Amino acid sequence: MAPKIMVVEDEEPLGVLLKYNLEAEGYEVEVIMRGDEAEMRLRESQPDLLVLDWMVPAVSGIELCRRLRMRPETERLPIIMLTARGEESDRVRGLVTGADDYLVKPFSTPELIARVRALLRRARPEVLSSVLKVGDIVLDRETHRVHRGKSEIRLGPTEFRLLEFMMQHPGRVFSRGQLLDNVWGETIYIDERTVDVHVGRLRKAVNLGNMADVIRTIRGAGYAIQEG
């Protein structure tokens, strides 16, 4: 599952350029041109990293950054701030507000890509790692094999993607809608009850014998995979 990057940039040519180059590096990219729309989208689905322009309409990038750092779900979201403001005081303000990194326009695309990779490696190493581990479950992205303890678990493609996504965020509760967006994709229109079916299949597969149930069902909220 490719790392997801949201780009909030109101200069359409730059947004297109960033999307093209980041997708060429293997990332899944969504471009949004307004701060208020980005804020709404982030409540529905959280990317692995946010590239945020300081001067976007409706809600500025600096204000959006401040709001995101106040919410528990996004307080650790990696953020790279883009801006035409090159003064030291502006850079300091951006970093103090909560940005993890800062790039002044004009910048080179290779530099941005290098910073994206470095920030993901530091802040979210699990999205780049070929092997995920939560408790006694080990998922290998390269071989598409899953083990629990010494036993290999056989999963269908959808159950594998579902487990992979949840293992990237152990302990976090995801609604059915969020799982649909992140595992099936926004362009796929299926009933949310389909999620229940696949979670049921996944639970049956990973909970071998008398092993503890690692998948939590939170009534009215969704599902989470337990860390221990």
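## A guided tour of helix packing, a pocket and two backbone details

Start by selecting α1 and α5: α1 passes α5 in a right-handed crossing. The model on your screen is predicted, so read each stop below as a description of that model. Colour residues 12–24 for α1 and residues 109–123 for α5. Their axes lie 11 Å apart, and the helices pack at an angle of about 55°. An angle of that kind falls outside the 65 to 115 range that counts as roughly perpendicular, and α1 and α5 are therefore oblique to each other.

Now show side chains at this contact. On the α1 side, pick Leu17, Leu18, Asn21 and Leu22; on the α5 side, pick Thr109, Leu112, Ile113 and Val116. By class, this contact of α1 with α5 holds six nonpolar and two polar residues, with no charged ones.

Stay with α5 for a moment and step back into the loop that precedes it. Between β5 (101–104) and α5 (109–123) you will find proline 106. Select it together with lysine 105: the peptide bond joining the two is cis, with omega at about -5°.

For another backbone detail, move to the loop between β3 (49–53) and α3 (61–70), where alanine 58 sits. Which sign does phi take at alanine 58? It is positive, at about 75°, even though this residue is not a glycine.

Next, go to α7 (residues 157–168) and α8 (residues 176–184). Their axes come within 10 Å and cross at roughly 110°, so α7 and α8 are roughly perpendicular to each other. The crossing is right-handed. To display the contact, select Thr158, Arg161, Leu162, Phe165 and Met166 on α7, then Leu179, Asn182, Val183 and Trp184 on α8. Sorted by class, the residues of this α7 and α8 contact are six nonpolar, two polar and one charged.

Keep α8 in view and add α9, residues 193–206. The axes of α8 and α9 come within 9 Å, crossing at roughly 75°. That angle makes α8 roughly perpendicular to α9. Which residues make the contact here? From α8 they are Arg176, Leu179, Leu180 and Trp184, and from α9 they are Val195, Asp196 and His198. This contact of α8 with α9 counts four nonpolar, one polar and two charged residues. Leu179 and Trp184 of α8 are worth a label, since they appear in the contact with α7 as well as in the contact with α9.

The last stop is the largest pocket, which encloses about 390 Å³ of space. What lies nearest its centre? Select Gln46, Glu73, Arg76, Arg124 and His169; these are among the 14 residues that line the pocket. Colouring the lining by class gives six charged, four polar and four nonpolar residues.

Methods:
Residues numbered from 1 in each chain as written. Predicted model: local features only at pLDDT ≥ 70, side-chain atom pairs only at ≥ 80, totals over all residues. Heavy atoms only, no water. Axes fitted to C-alpha atoms, helices over the stretch in contact; angles between N-to-C directions. Helix = DSSP H or I, 4+ residues; strand = E, 2+ residues; numbered from the N terminus. Parallel < 35°, antiparallel > 145°, perpendicular 65-115°, else oblique. Left-handed = near helix turned anticlockwise from the far one by under 90°. Contact = heavy atoms within 4.5 Å. Nonpolar A, V, L, I, M, F, W, Y, C, P; charged D, E, K, R; others polar. 1 Å grid on protein atoms, 1.4 Å probe; cavity = no way out; pocket = protein on both sides within 12 Å on 5 of 7 lines; lining within 4 Å. Points joined across faces, edges and corners; volume = space filled by probe spheres on them.
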